[in-house]
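The following note gathers points for a colleague who is examining this structure. The points are numbered and may be read in order.

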Amino acid sequence: MISTYEPASKKIRHYSANACLLPICSLYGAAVTTVEGVGSTKTRVHPVQERLAKCHGSQCGFCTPGMVMSIYTLLRNHPEPTSEQMIAALAGNLCRCTGYRPILDACKTFCKESICCQRKTNEKCCLDQEDDLFDKEEKVSTRLFSTDEFQPLDPTQELIFPPELMRMAENQPKRTLSFHGERMTWISPVSLDELLDLKASYPKAPLLVGNTSVGPEMKFRGVFHPIVIAPARIPDLNVVKCLDDGLTLGAACSLSVVKDILTNAVVEFPEEKTKVFSAVLQQLRTLAGEQIRNMASLGGNIVSRKSTSDLNPILAASNCMLNLGEYVSAFRQAPRRENALPVTNAGMRVLFEEGTDTIKDLSIFYGGAVSTTVCAKQTCRTLIGRHWNKQMLDEACRLVLKEIALPGSDSGEKVDYKKTLIVSFFYRFFLEVSQSLKTMDPCHYPGIPMEYRSVLQDFKTKMPQSIQIYQAKPSQSPQDPVGRPVMHQSGIKHATGEAVYVDDLPSVDGELFLAVVTSSRAHAKIVSIDTSEALKGPGVFDIITAHDVPATNEFYYSDDPEIIFARNKVICVGQIVCAVVADSDDHAKQAAAKVKIEYEVLEPVILTIAEAIQHNSFFEPKRKLEQGNVDRAFETVDNIIEGEIHIGGQEHFYIETQSVLVVPKGEDKEMDVYVSTQHPAIIQEMVAASLGVPANRIMCHVKRVGGAFGGKLLKAGLLASVAAVAANKTSRAVRLILSRGDDMLITGGRHPFIGKYKVGFMKDGRIRAVDAKYYINGGCTPDESVLVAEVSLLKMDNAYKIPNLRCRAYACKTNLPSNTAFRGFGFPQSALVTETWITGVADKVGLSPEKIREINMYKENEQTHFKQKLDPQNLIRCWNECMEKSAYYSRKTAVNEFNKQNYWKKKGIAIVPMKFPFGLGTRYLSQAAALVHIYTDGSVLLTHGGIEMGQGIHTKMIQVASRELNIPMSCIHFCETSTTTVPNACASVGSAGTDVNGMAVKDACQTLMKRLQPIINKNPKGTWNDWIKEAFEQSVSLSATGYFRGYNENMDWEKGEGQPFTYFLYGAACSEVEINCLTGDHKNIRTDIVMDIGCSINPAVDIGQIEGAFVQGIGLYTMEELKYSPEGVLYTRGPDQYKIPAVCDIPEQFSVSLLSSSQNPYAIYASKGIGEAGLFLGCSVFFALRDAVTRVRNERGLKKTFALNSPLTAEQIRASCTDDFTEMVIGRWRGGSV
């Protein structure tokens, strides 16, 4: 939080800002408050920090300090904010773990309106109606936290603005400031004359106010400015004047200030004078997030954002001046409704001859379409004198398409979509103005049909309402924490910023920073590497290449190797060729940019699945499963459909990027490796192998991980090896923290997928035969690709019994960075293919998709297609309960009603079942160990092989130990996961962490209790401390290891049968959406999830996992789009281009219920492993969107079957809602001449 004092008005302004963009030089005279200043466990934890933690609003904790600062700053300005202000304050914050619901729960406790659901059932609020809703026998609970525990927010207790800064601002005359760094100079003038002189002396120096444009250019595009001029302190540029004919605003005013001024002006001025204000406000609401708007300046947005300025089109169109009888509007469409640059935006203005609908003047401006804001001048000239009617509309659209020529662009931008938006925006303006004319003179102007009016309202983000339902345990002893919503052990530390991640570790003496140099070619021979320029750079210590690896550089886990440094050739863009170590991160990066590599291109360059098929480029083995007689079944069915669906990849986007710190010990070749990973043992193994030392010299430590989702396994091992080789060569500690851009470029993610299917079924909807092929894009090395292909086959049936089935899977070898494990591991892709053909069958037989799902669902004890037994009763219970809780049929009727009354907006609803098999396929992969020490003061130290990455595993393990030892959780401490305490631990993957480590912890605790039992029997009234003291005096060992051998799982691929899984999780989700047919934008209205997760060990953690996975699924299926150049270079390399779900994307009503009285005999305390299953349920949103699009097409008489691919972005939705506007665009393209 930045606080500034304005002596003239005697006002203090607090605002939040992005630390990564904020130049220190711009903070002269300002007070800065960081999360540490807000509160800490040593002093006092602030109510914001406390509530965020106690409402379970932090999982991995890496994004939590940012959330705290956004909320805290809002509360400093508005101690009782509205929910709109709260939602706006968080629009610029991203979280990859929680799905935002618990964070918003914490926020609601500060808002002044009621936070109840406002749904009165039996005259009771949802929060009180627990007893009426459910069976009396089962006490059901809907509270995951208790508000009674919260300390009140007391604004008088906050830090004051430093008086010395106030005195400085009031007494010191403003003078020019200049700061000199190693490479650049910052000059901050105080008058316009001085600014003009500086600009004359340094014509190339940029003017920098908020650094939101220059900053990213310097950071991401390597642009360097030796001199920067910062005019923000010039009074004339911060002027705000209210005059009779409008407002005058200084160019250095921040967009937030502009927003506040315009909001007040709209209230104060008469309506005809504020039309431009309202249009500009419309754009400011969704332009960036609050933190960026607080820094970015009005002048900067106009001058530097070029084509993507959301303000230019509207300011240009309105000439910034207004008359009576004039209408002004602004439009934008972006990949995400908030905090995203626009695909296309527009500003339009029309002035009529007085009292008529004859156009006197017209301005149409577009942004985002080409490199600057463009005006459709000729179109506007041609239309002057026309009446505002259908003929004018038709002509305007054709003229504007002809006039605004879009270049075929290279960055994967879709030209057709932009063109469609250009005409759709004009049509929307036409509707708005027609409606306004009617309001002015209803006799002469008919306005627009009732069913068109809803499209005039844009989707707004509201504070979501949510409900979570789980079974309470009233009969349980109050001391037993199992089954209770216990707060995450590190929750408070996450919120105070005291939780330590790899890059928070203090610097080691003589530590070096490492920057990687990556390949710029997808497939090429390395001719030469010239490091001479790089070595001359300041602070550069050395350059590390494959020649410096003492032992293993290529790891052969299968036929093709995983590679640390490229040796003679590169096989993807982003492959590590060499690395620079220097005395600072900046010096290392600057030098890395100077390494020159000469390549000779090799053929073929294979990027796509289609190219891999063409070149027969696959990783072996290819896998196949078959049951029944598929060919015969196809001969006897009534009907057959065939099709294919493409599913794009997904970036992990863990908020903490790949991080490692390697510290050589100085003797016996020992090294401490602090690393952000899910699998310390593989890191130890790879680092030891690369250095040629035994594993017992490499100590790997993991305290916590800031999100992983499958992305911190092999890749983390290769990066740790890079750092270890550098540390070995230099005998210094080496720190490697990837930037977001490098992380996305180098590491790969979820496998892109093509599913081809042929399905045979009867008239009544029974599916008799399926033949499916899955191709996954594995990238350039094997990693886990074959395993992902296997899992996609084993789990492809989802919830359905398919009597005759043949499915095959191929892992394609391409020249993209190697794809790897990602939450769900093949299931989210293959099950989406299955649900796609389910809806295809429904379309064909004329039944609803939910009927086809019910007809084909597993019904009684059956076998899967690989002959494993299965009892689906909880699947059916989840389905029925989800139907009931979501009121599916009555809402479906309401959706039909809405769709009859609305033409340009449509709703869709879908319900999807899920069977998620749990297991890792082989016994040794699920073994686990734990180590428990009891000290003589009675305190317990616990460790195990699991990794805390947000899923609350340590919290659950302490709950387990607390129950087994029968002592409070507060007596038990978990320190870190380390290869020194638990050797050879398996990776924390596949939802199995709690299952297997819980068994090991339980085993260790039971061993200890067995030893203590004779002592307890002798003194049953004694305390825990008495018993421990006595045990020590009797020489009873107070330390024990626990062990779990793993689940007995196996799969025989030759026979196509086995028991690869131990048990099944079940679930169902119903989602409702609304789409805007003119833009393709959509809103998630409501989602109801029912999950069978056995007996939850910690319902707060488990519901958090379900919601977080579900929102990640929304990202996968509807938003997150990876784009590559034709040469295989990733374009989407950061949050600017790659959009993960934000607060605006979660359903407005979000309910999660855990299925009651479900037992699981196979896992600890009858629980089930929950980490991954929820992700697939995100596809209920995909199918609700499909439902909405289907309704649009049916209404318009479009009978042709249509395919929707994932992610189902606004662009695809718009293209599928075929109308006159898409036809105009496609006609021009396909016909070539119009």
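1. In what follows, two residues are in contact if they have heavy atoms within 4.5 Å of each other. The model under discussion is predicted. With neighbours within four places in sequence set aside, Arg 823 is in contact with Phe 709, Arg 750, Pro 828, Gln 1105, Gly 1108, Ala 1109, Gln 1112, Gly 1171, Glu 1172 and Leu 1175.

2. Arg 823 belongs to the loop that runs between β31 (804-812) and α27 (827-845). Its relative accessibility is 8%, so Arg 823 counts as buried, the limit for that class being under 20%. A polar contact at 3.4 Å links the side chain of Arg 823 to the side chain of Gln 1105.

3. Under "binding site", an unreviewed UniProt entry lists Gln 678, Phe 709, Arg 823 and Gly 990. These positions are spread over 313 residues of sequence, yet they cluster in space, with a largest C-alpha distance of 12.5 Å.

4. Phe 709, another of the listed binding-site positions, lies in the loop between β27 (698-702) and α24 (714-730). Phe 709 has a relative accessible area of 12% and is therefore buried. Outside its neighbours within four places in sequence, the contacts of Phe 709 include Gln 678 and Arg 823. Further contacts of Phe 709 are Arg 96, Cys 97, His 652, Tyr 654, Ala 821, Phe 822 and Gln 1112.

5. Which residue does UniProt list for "active site"? The unreviewed entry gives Glu 1172. Glu 1172 is found in the loop between β44 (1149-1154) and α35 (1179-1195). A relative accessible area of 12% makes Glu 1172 buried. Beyond neighbours within four places in sequence, Glu 1172 is in contact with Arg 823, Gly 824, Phe 825, Phe 916, Gly 990, Ser 991 and Ala 1109. Of these partners, Arg 823 and Gly 990 appear in the "binding site" list of the UniProt entry.

6. The disulfide count comes to 0. Cys 55 is in no disulfide, and the nearest cysteine sulfur, belonging to Cys 107, is 8.9 Å away. Cys 55 is buried, with a relative accessible area of 1%. Cys 572 is likewise in no disulfide; its nearest cysteine sulfur is that of Cys 780, at 3.8 Å. A disulfide requires sulfur atoms within 2.5 Å, so a pair at 3.8 Å does not qualify. Cys 572 is also buried, at a relative accessible area of 4%.

7. The domain assignment divides the chain into domain 1 (2-119) and domain 2 (923-1048). Taken over C-alpha atoms, the centres of domain 1 and domain 2 are separated by 38 Å.

8. Strands β5 (residues 177-180) and β6 (residues 185-188) pair in the antiparallel sense over 4 bridges. A hairpin of 4 residues joins β5 to β6. Within this pairing, His 180 stands opposite Thr 185 of β6.

9. Is Lys 273 buried, exposed or partly exposed? Lys 273 counts as partly exposed, because its relative accessibility is 40%. Its place is in the loop between α10 (255-268) and α11 (275-286). The C-alpha atoms of Lys 273 and Gly 246 are separated by 7.5 Å, although the two residues are 27 residues apart along the chain.

Conventions. Residues are numbered from 1 along each chain as its sequence is written. This is a predicted model: local features need pLDDT of at least 70, side-chain atom pairs count only at pLDDT 80 or more; totals for chains, interfaces and linings use all residues. Side-chain values use heavy atoms; hydrogens and water are left out. UniProt positions are given in the numbering used here, feature names are shortened, and annotations may be inferred rather than shown by experiment. Helices (H or I, at least four residues) and strands (E, at least two) are DSSP runs, numbered from the N terminus. Buried means under 20% relative accessible area, exposed over 50%, partly exposed in between (1.4 Å probe, protein chains only). A polar contact is a pair of N or O atoms within 3.5 Å; within protein, one must be able to donate a hydrogen and the other to accept it, and residues adjacent in sequence count only if both atoms are side-chain atoms. Domain bounds come from an automatic or database domain assignment. Two strands pair if DSSP finds at least two bridges between them.
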